[in-house]
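Student: I have a new model to read. Can you walk me through it, one feature at a time?

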Amino acid sequence: MTYERPKPILLQGNEAIAEGALAAGMRFFGGYPISPSSEVAETLARRLPQVGGTFIQMEDEIASISAVIGASIAGTKAMTATSGPGFSLMQEGIGFAVMAETPCVIANVQRMGPSSGFATAPAQGDLMQARYGTHGPHPMIALSPSSVRECFDVTVKAFNLSEKYRTPVVILADAVVGHLREVVTLPRPEEIEIINRQPPSGPPGTIRPFEPGPDGVPAIPDFGTGYRYHITGLFHDETGFPSTNSEKIQATTERLVRKVEDHREEMTFVEYLYMDDAEVAVVSYGCSARSSRAAVKAARARGLKVGLVRLITIWPFPEHVVRQVAERAPRLVVVEMNLGDVANEIRRVTRNSVVVRQVNRHDGMLITPGQVLDGIEGVMSHA
Amino acid sequence: MPSAVVSKYLRVNRLPHIWCPGCGIGQIVNGTIRAIDKVGLDQDRTVIVSGIGCSSRATGYMNFDTIHTTHGRALAFATGIKLAKPELNVIVIMGDGDCAAIGGNHFIHAARRNIDVTALVVNNQIYGMTGGQYSPTTPVEAMATTAPYGDAEPGFDLCGVAQAAGATFVGRVAPVRMPELINTIAKALQHVGFSFVEAVSQCPVYFGRMNRQGGPVQMLNRQKEITMPVRTAQQKPEEAVGKLLTGVLYESERPAYEKLYSQIRLKASWKAGEHV
C-alpha cells in the first residue's frame, strides 16, 4: 500500500487518477491502450489485483465501456480510461449508462484531434464531445483536473457524483496533466469522503427499480441480489420495462436531465485566485490553467487587477459562477487549448453582455504565460 | 393457464411477446428455460444479457435479472458482470447479426478468454427487426431486402468460428429437435468456460418469404431435412454429407478466465506483501 502513507511521493497525473479511483472504492477497470492515457491502465493492472479487484484489457473501447457498465450493474464501482479516438467509440456506451442510470467513470486524457490527430500532444478539444457526444438529450457531468493531486481528488469526486446521481461521469484530463509528475501528499483514507450508491428501500417485490427518489434518482438494486428486474437502453417506465407511452418518455427525458442540472451548484467545483478586487478575470481549466495562474501572478506583480477563475467542473456548465464573475469583472480572458469551447459557453450564459477575449492554441504546444499576459493586456486596453 | 415452468421462469405479465407468428425465438426461449430448470440454476443468481434484435427482446420476458444492452455488445457487458460477480450464472442471448457482425470482435475475444458464460445465438440468417436485410450468416445467393439480386457474400459457420476462437463448448440446436435443444443448452449451462450454442431458427416473415421457403411448417420441415443429430451422423456418415450437425459438437477443458485471474490476484497480493 505504497501510496496510502501520508508522506510526499512523486506521482504522475495518470497514476493519481488510478490511485484516486482505488481510494474511491473502484474495483473494476476495463480499458484499451491509448496514448496519453495508458498509465492509468498500467497502474491499475498492477494495483487492482492487489486489492482483490479486476483489471481487464478489452478488445476495443466499445467493449471496455460495455464491460464497465456490466460490472457496475453487478454492484462494483467501475471505470475506464481513454483518449480522443477511444472516447469517440465509447459514446454508445455512455448513452446506455445515461439511459440505464448506471454509475461509471470515464477518464478521458485528452490529446489533439480530430481523428488520430497528435497522440502525445496536449489539447482540450473534447469538451463538446463529452457534453454532446452521445445522441439524444441527456445530462453530463465532467470534471477537469489541473494538477497531480487534483487528478486524485477529482477522481474521487467523479465516483461520488456518479454513484449519487446514477450517471456516467467524465474526467477531462489532458496530456500535460496526465503525464505531469509532481510531489504530492495524498490524503489518508479517513480524510476522503466516499459516497456509495443508494440500495433499494425495500425487499424484492416491494419496489419499482426505476422509481425516482426525492432527488430524482432511483435507488439501485445490484444484479444478483434477488430483485430480478430488467434494464434496457430503450425508453422505459419505473418498472424498467420498455414503454412507448409518450407522457412517460417525455417525463423520463426531463428527469434524466433535471437530476443533474437541478444539482448544478452542488457539482460545481471552482478555484478563485485574486478575484476579490479583480477588474479582469482569466477563466481557464486543466493544463491551460497552469499557464493562466503564472500569467495572473505576473500581471499582479505589475499592479494589474487581474484574477483567475479556474473551472474544475466543466459540465454541467457552472453558469451561476460565470454570471457572478461577469457582473463583477465584465472583461474576461478565456484560456483553453481548443478554438473557444468555454468562451462560447460564457457568451451563451452571459447573453454576450461581457467582453470575452480568447486565448487559444491548437498546434500541439502549451499556451504560454506570455500569451495569456498578452490577452490580459489586450482586454485591459479595451475600455 | 401457463405451465409451472413457464410461470416460474417467464414474466407472464409481460406476454404476449412481440415476435411474429411462426418465429423460432419463442421455441428457443421455451427450450432455454426448460434447460435452466433441468440444471436447477438459482433464479436469483442467474443473469441474462442480450444485445439488440428480435431475439434480444427475450430478456424482457425472462424472470431473472435481465439486461437488454446495445447492439453487438452483450458479451462485453456479460464479461463485466461475470468478472464483478463470478458467482453469478451469466447467459447471453444474441442474434446472428448481433453476434457475428457488429459483435464479431467481442464474440471471438470472449471465446479466446474462455470466460465462463453461455452464449446462445439465435441464427435466423437475417436481420428481422430492421426488415429483412442480409446478415453474416445469410447463405450466398439468398435473397434479402439489401440483397435484391441475391447475397454476394458467403455466410459464417458460427460454430466453426467459436471453436477456432477458443470456445471450450460448442453446440448447435434447432427448434425442430426440442429434446436435443434442451439437453444441449443444459450441457452448455453446466460447462465451465465459454460455452457457445447456435440455435438454428426460422424467420418465415422475412427469410422464408423472400426465399420462397413457405410458412412456418414448411420451414420447420426443411429444418428437419437439413439438420442431423451428431450421433446419427456418426452412425450413418454417408447420410450426413451436407447436413448441419446438431447436439454437442465440441467440448474441451481449459481454465476459465476467472480462474486464471484469481491466480493473478494471488500473485499480485504476494508481490504487494513483499514491499510492506
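Student: Which residues does B:Ile81 touch, not counting residues up to four places away in sequence?
Tutor: First, a caution: this is a predicted model. Now look on both chains. From chain A, B:Ile81 touches A:Gly70, A:Ala71, A:Ile73, A:Ala74 and A:Phe223. From chain B, B:Ile81 touches B:Val47, B:Val49, B:Leu88 and B:Val90.

Student: Which helix holds B:Ile81, and is that residue buried or exposed?
Tutor: To judge burial, count other C-beta atoms within 10 Å; 20 or more means buried. B:Ile81 lies in α3(B) and is buried. Its companions in α3(B) include B:Leu75, B:Phe77 and B:Lys82, which are buried too. In fact, 11 of the 11 residues of α3(B) are buried, so the helix is largely enclosed by the rest of the structure.

Student: Which members of the largest nonpolar core touch the most other members?
Tutor: They are A:Met79, A:Val282, B:Ile81 and B:Val92, in a core of 196 residues. Helix α6 (residues 148–165) of chain A gives the most to this core, nine residues. Domain 1 (2–191) and domain 2 (270–380) of chain A both contribute, so the core lies between them.

Student: How many residues does each chain give to the contact between chains A and B?
Tutor: Read an interface one side at a time. Chain B gives 36 residues and chain A gives 40. On the chain B side, β2 (65–68), α3 (74–84), α5 (104–113) and α11 (257–275) each supply at least two residues. The largest share there, eight residues, comes from α3(B). By class, that side has 14 nonpolar, 15 polar and seven charged residues.

Student: In what sense do β9 of chain A and β2(B) pair?
Tutor: Strand pairing has a direction, so check that in the view. Strand β9 (residues 230–232) of chain A pairs with β2(B) in the parallel sense, over three bridges. Find A:His230: it stands opposite B:Thr66 in β2(B).

Student: How far apart are the C-alpha centres of the two domains of chain A?
Tutor: The centres of domain 1 and domain 2 of chain A lie 26 Å apart. Their contact takes 23 residues from domain 1 and 21 from domain 2. On the domain 1 side, α5(A) supplies the largest share, four residues. That side has 17 nonpolar, four polar and two charged residues.

Student: Why does the radius of gyration of chain B agree with that of a compact globule?
Tutor: Compare the value with what chain length predicts. For 276 residues a compact globule would have a radius near 19 Å, and chain B has 19 Å, so the two agree. Its C-alpha trace spans about 70 × 45 × 40 Å along the principal axes. Chain B has 11 helices and eight strands, and 54% of its residues count as buried.

Student: Which backbone details should I look up?
Tutor: Most residues other than glycine have a negative phi, and most peptide bonds are trans. Look for departures from that. The bond from A:Ser35 to A:Pro36 is cis, with omega near 0°. A cis bond also joins A:Gly113 and A:Pro114, with omega about 5°.

Student: Where does A:Arg228 lie, and what is its phi?
Tutor: A:Arg228 lies in the loop between β8 (181–184) and β9 of chain A. Its phi is positive, near 45°. A:Arg228 is buried, with 20 other C-beta atoms within 10 Å. A:Tyr274 also has a positive phi, about 55°, but A:Tyr274 is partly exposed, with 18 such atoms within 10 Å.

Note on methods: Residues numbered from 1 in each chain as written. Chains lettered and ligands numbered in written order. Predicted model: local features only at pLDDT ≥ 70, side-chain atom pairs only at ≥ 80, totals over all residues. Contact = placed C-beta atoms within 7 Å. Nonpolar A, V, L, I, M, F, W, Y, C, P; charged D, E, K, R; others polar. Pairing = 2+ DSSP bridges. Rg over C-alpha atoms; globule rule 2.2 N^0.38 Å. Buried ≥ 20, exposed ≤ 12 C-beta atoms within 10 Å, placed from the backbone. Domains from an automatic or database assignment. Core = buried A, V, L, I, M, F, W, Y, C linked by C-beta atoms within 7 Å.
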